[in-house]
There are 2 protein chains.
Amino acid sequence: MFQKIITSQLNPPRFLLLIFLVFITVGTMLLKLPFATTDGITIIDAFFTATSALTVTGLIVVDTGTAFTLFGQVVIILLIQIGGLGIMTFAVFIFLMSGRKLGFKEHVLITQSLNQNSVGGIILLARKILLFSLAVEFITFILLCVFWIPVFGWKNGVYASFFHAVSAFNNAGFSIWSDSLSSFIDHSFIMVIITTSFIVGGVGFTVIFDIWKKKRFKDFSLHTKLMLVGTLLINLIAFCFVFLLEYYNLDTLGGLSIIDKIKAAYFQAVTPRTAGFNTVDIGALNHSTLFFMIILMFIGAGSASTGGGIKLTTFFAIMFSVLSFVKKKEDIEVFRRSISDRTVVRSLAITVIGFSFILVGIFILDITEDAPFLKIVFEAVSAFGTVGLSMGLTGELTWVGKLIIPMIMIIGKVGPLTLAFALANQPKVRVRYAKEDILTG
Amino acid sequence: MFQKIITSQLNPPRFLLLIFLVFITVGTMLLKLPFATTDGITIIDAFFTATSALTVTGLIVVDTGTAFTLFGQVVIILLIQIGGLGIMTFAVFIFLMSGRKLGFKEHVLITQSLNQNSVGGIILLARKILLFSLAVEFITFILLCVFWIPVFGWKNGVYASFFHAVSAFNNAGFSIWSDSLSSFIDHSFIMVIITTSFIVGGVGFTVIFDIWKKKRFKDFSLHTKLMLVGTLLINLIAFCFVFLLEYYNLDTLGGLSIIDKIKAAYFQAVTPRTAGFNTVDIGALNHSTLFFMIILMFIGAGSASTGGGIKLTTFFAIMFSVLSFVKKKEDIEVFRRSISDRTVVRSLAITVIGFSFILVGIFILDITEDAPFLKIVFEAVSAFGTVGLSMGLTGELTWVGKLIIPMIMIIGKVGPLTLAFALANQPKVRVRYAKEDILTG
Ligand SMILES: [K+]
Ligand SMILES: [K+]
């Protein structure tokens with residue numbers, strides 16, 4: 001059947017979208033099984049949870065730790081693992097397991113959905129991604145066990161470590177505790193383990209493998225350099241903003257010691273670009289901090305990573321292009337390389353389409369949900385960035401909201417451009433017209 | 001002195017910005033004169049009012065009709081007239097009056113700030129703009145007199161007609177009545193006169209002159225075609241949205257008859273793209289309607305018009321470019337013409353810079369103002385689009401807010417790109433680097 005779908009008329013983006021929807025349907029059905037939940041669940045809540053897990057978002061309509069049985073939680077963590085690896089990496093893995101060889105069409109499908117330029121070595125890449133993911137998850141798991149087994153005992157400690165290791169590396173933001181990681185706000189080691197794990201997961205596989213292979217910064221690809229410097233810079237700026245803006249807020253950092261303020265600010269600064277765990281009450285943050293976080297959530301993590309959003313490099317490509325234009329430079333220069341116009345137009349398309357989907361989502365939610373505007377915007381952008389932070393709207397959503405938010409999650413995870421390609425018709429042969437300028441601005 | 005400034009090292013954008021600030025300073029001083037106000041005014045409120053008038057925004061911190069004397073109101077209407085004509089058209093007019101000839105440098109200054117491509121005939125254009133403006137204002141004035149003299153008597157009727165004619169054509173949104181035009185919500189003729197006047201003013205001089213010269217649609221320039229079809233389309237969509245969203249809202253359209261609903265919805269649909277008059281209480285509109293209006297205000301009116309925002313053609317250029325990219329077309333085609341990549345990059349720059357300024361503004365206002373997020377966003381975008389609609393925040397602004405909002409007005413009126421050029425350093429000769437692609441999205 002798999003073979004049949006691929007060899008049919010489906011283009012890669014449509015195929016990717018289809019396989020996504022299949023996984024969500026299966027996930028929904030599994031979570032709806034009587035023994036998946038302690039007290040039953042509506043079909044729409046099961047759909048919401050399955051989508052949130054597969055897109056590694058982490059927004060929840062029911063409490064993961066109490067509403068789901070062990071079986072339900074394992075379904076969730078499996079969906080997270082599949083979504084985090086990337087649906088297509090997972091498909092490659094299935095192929096490898098079944099012992100079959102990939103044809104040209106399958107190669108194209110997989111390379112496109114993995115955002116890779118070359119077809120060669122794609123199976124090798126998939127294997128590398130899988131091994132790397134499992135390795136980091138395993139290390140995270142072991143380190144968490146060291147701290148949590150003494151606290152929770154063998155059985156619960158191992159399980160909590162396993163669940164949060166997978167959830168952290170895949171930037172899923174799911175937690176078996178209803179207050180997320182708030183109890184560990186002052187526990188430095190847990191914070192370092194979790195944040196390192198999700199930053200490594202969020203920077204993107206291509207970056208990790210480039211560093212592994214080339215070792216020295218000056219040999220890295222432009223993409224890797226941009227991601228490394230960019231991630232560092234944006235996290236630093238975010239830390240300063242959260243720290244300063246929340247310094248006197250008694251509901252968040254205000255009551256903490258200066259050291260704990262730094263720890264909590266760091267955690268809350270690095271998490272909005274896709275991880276989605278929280279150690280402070282998001283709803284209690286200042287409006288300015290929340291607005292700043294909305295921008296971070298929209299930007300998101302790295303390309304070909306476990307995260308969502310328009311992606312950090314997309315953001316930089318647009319910024320650099322605008323700067324070049326204002327400075328009347330002919331080329332867009334970064335690290336002694338120039339970015340092509342095509343990359344800029346591609347970035348523009350991603351941003352505009354993503355932004356448009358969010359606008360439509362916010363507009364509909366404004367009609368259906370009885371909530372402040374900021375709460376709605378925060379929720380919608382959190383879904384798009386597959387972040388999972390919430391000011392508390394998730395639990396109050398109407399059934400329309402419970403359909404709209406998962407749709408935004410899917411757009412954020414599949415990528416606005418991939419989705420647009422999936423929906424667009426194939427181009428026809430056409431005449432070319434004369435150029436004519438229009439006035440703008 | 002004028003000559004000396006021009007021949008100095010100032011580039012056109014810097015010069016434009018400077019002359020803007022000079023006019024605002026003069027306006028502030030005039031409004032601060034004891035006989036300009038009935039009861040005195042703080043310097044910051046005078047600054048706010050002068051900026052709001054010169055940028056034809058219409059946001060007000062004091063009531064125009066009661067706080068200002070006739071002298072103060074005349075200062076305001078003069079600032080509106082200068083700002084509406086365009087500072088540079090006004091400068092050309094001063095030159096003509098003084099009998100001097102324009103040098104090449106002055107030509108370049110004026111062509112650039114008028115958004116014109118050719119240097120030739122610029123004086124002719126300035127004269128045409130002035131005559132056209134005065135003509136439409138005069139017609140609007142006469143028509144308003146017909147209805148208002150019987151109601152308000154000769155003196156007050158003539159004055160009200162004069163004030164609102166100038167304010168309407170220049171899309172200023174200032175009114176001598178504290179409830180704007182709310183008393184005329186069901187008066188069809190007043191509505192038609194006012195809206196026609198500000199739509200003509202907001203479509204842009206180049207469009208008007210193109211229509212005048214060419215007569216037939218198929219002969220029009222691409223810019224004119226886009227503006228005509230675009231204005232019609234966006235107003236139609238806006239009408240449908242406002243009508244449907246507010247149909248049952250008892251605080252706005254709900255209590256009106258179906259005919260009055262249509263009238264009021266039409267008025268409130270065409271005004272957000274820059275005119276800024278209102279006939280219903282903006283604060284009472286649904287969140288969805290307000291959010292939709294925010295998008296309209298950001299887009300704004302036509303290039304080289306009396307309005308602000310990123311401009312309708314900028315918006316279309318980006319939309320068409322994204323559509324072409326998604327459909328994998330090589331050219332960006334509109335009306336059997338193709339738009340150049342340079343236009344797209346220019347549009348991108350305008351939008352991103354404008355958007356960034358607004359984001360920074362909203363962020364600061366989130367810290368300083370104690371108001372709901374939607375109210376702040378609405379106010380900031382209203383200032384950027386030089387629209388002048390408000391959910392009521394203007395009257396409650398702190399002194400920081402009273403500085404930030406006028407700054408956003410100036411950015412919206414001068415244009416984000418012009419401002420960016422004014423602030424940017426001149427390019428140096430530089431090496432060109434090899435192209436390298438990065439992953440985006
Ligand atoms: K997440
Ligand atoms: K206005």
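## Ground rules

Buried here means under 20% relative accessible area, exposed means over 50%, and partly exposed is what lies in between (1.4 Å probe, protein chains only). This is a predicted model, where local features need pLDDT of at least 70 and side-chain atom pairs count only at pLDDT 80 or more, while totals for chains, interfaces and linings use all residues. Residues are numbered from 1 along each chain as its sequence is written, chains are lettered from A and ligands numbered from 1 in the order in which they are written, and side-chain values use heavy atoms, with hydrogens and water left out.

## Salt bridges

Over all chains there are 12 salt bridges, each one a side-chain nitrogen of Lys or Arg within 4 Å of a carboxyl oxygen of Asp or Glu. Take B:Lys402 and B:Asp45, whose closest N and O atoms sit 2.9 Å apart. That pair ties together distant parts of the chain, with B:Lys402 in helix H18 (residues 399-414) of chain B and B:Asp45 in helix H3 (residues 43-54) of chain B, 357 residues apart. Helices are DSSP runs (H or I, at least four residues), as strands are (E, at least two), numbered from the N terminus. B:Asp45 counts as buried because its relative accessible area is 9%, and B:Lys402 does so at 14%.

B:Glu396 and B:Lys375 also meet through their side chains, at 3.4 Å from N to O. Here too the pair links distant parts of the chain: B:Glu396 lies in the loop between helix H17 (373-384) and H18 of chain B, B:Lys375 in helix H17 of chain B, and 21 residues separate them. B:Lys375 is buried at 17%, whereas B:Glu396, at 47%, is partly exposed.

Over in chain A, the side chains of A:Lys218 and A:Asp219 form a salt bridge at 3.7 Å, N to O. A:Lys218 is exposed at 61%, and A:Asp219 is partly exposed at 28%. Both belong to a salt-bridge network with A:Arg216.

## Aromatic pairs

Rings of Phe, Tyr and Trp (its six-membered ring) pair if their centres lie within 6.5 Å; planes under 30 degrees apart count as stacked, over 60 as edge-to-face and the rest as tilted. That rule gives 50 aromatic pairs over all chains. One of them is B:Tyr247 with B:Tyr248, an edge-to-face pair at 5.0 Å centre to centre and 70° between the planes. B:Tyr247 is partly exposed at 26%, and B:Tyr248 is exposed at 73%.

Both chains feed into one ring cluster: A:Phe298, A:Phe355 and A:Phe384 are linked by ring pairs with B:Phe298, B:Phe355 and B:Phe384.

## A nonpolar patch on chain A

A:Leu18, A:Val22, A:Val26, A:Leu30, A:Phe35 and A:Phe71 make up a nonpolar surface patch with about 480 Å² of accessible area together. Patches are built from residues with over 30% relative accessible area and no salt bridge, joining like charges within 9 Å and nonpolar side chains (Val, Leu, Ile, Met, Phe, Trp, Tyr) within 5 Å. The areas come from the Shrake-Rupley method with a 1.4 Å probe, and for residues only the protein chains shown count as cover.

Helix H2 (residues 12-32) of chain A gives the most to this patch, with four residues. A:Phe35 sits in the loop between H2 and helix H3 (43-54) of chain A.

## Buried spots in chain B

B:Ile294 belongs to helix H14 (residues 287-299) of chain B and is buried at 8%. Contact means heavy atoms within 4.5 Å. Setting aside neighbours within four places in sequence, B:Ile294 is in contact with B:Leu374, B:Val377, B:Phe378 and B:Val381. From B:Ile294 to B:Pro272 the C-alpha distance is 8.0 Å, with their positions 22 residues apart in sequence.

Helix H11 (residues 205-214) of chain B has a run of buried residues: B:Phe205, B:Thr206, B:Val207, B:Ile208, B:Phe209 and B:Asp210. After H11(B) comes B:Lys215, with a positive phi near 70°.

## Positive phi and cysteines

A:Val56 has phi near 45°, positive although the residue is not glycine. A:Val56 lies in the loop between H3 and helix H4 (64-67) of chain A and is buried at 0%. B:Asn171, with phi near 55°, is likewise a non-glycine residue with a positive value. Its place is the loop between helix H9 (154-169) and helix H10 (188-203) of chain B, and B:Asn171 is buried at 1%.

As for cysteines, there are zero disulfides over all chains, a disulfide being a pair of cysteine sulfur atoms within 2.5 Å. B:Cys145 is buried at 8%, while A:Cys240 is partly exposed at 36%.
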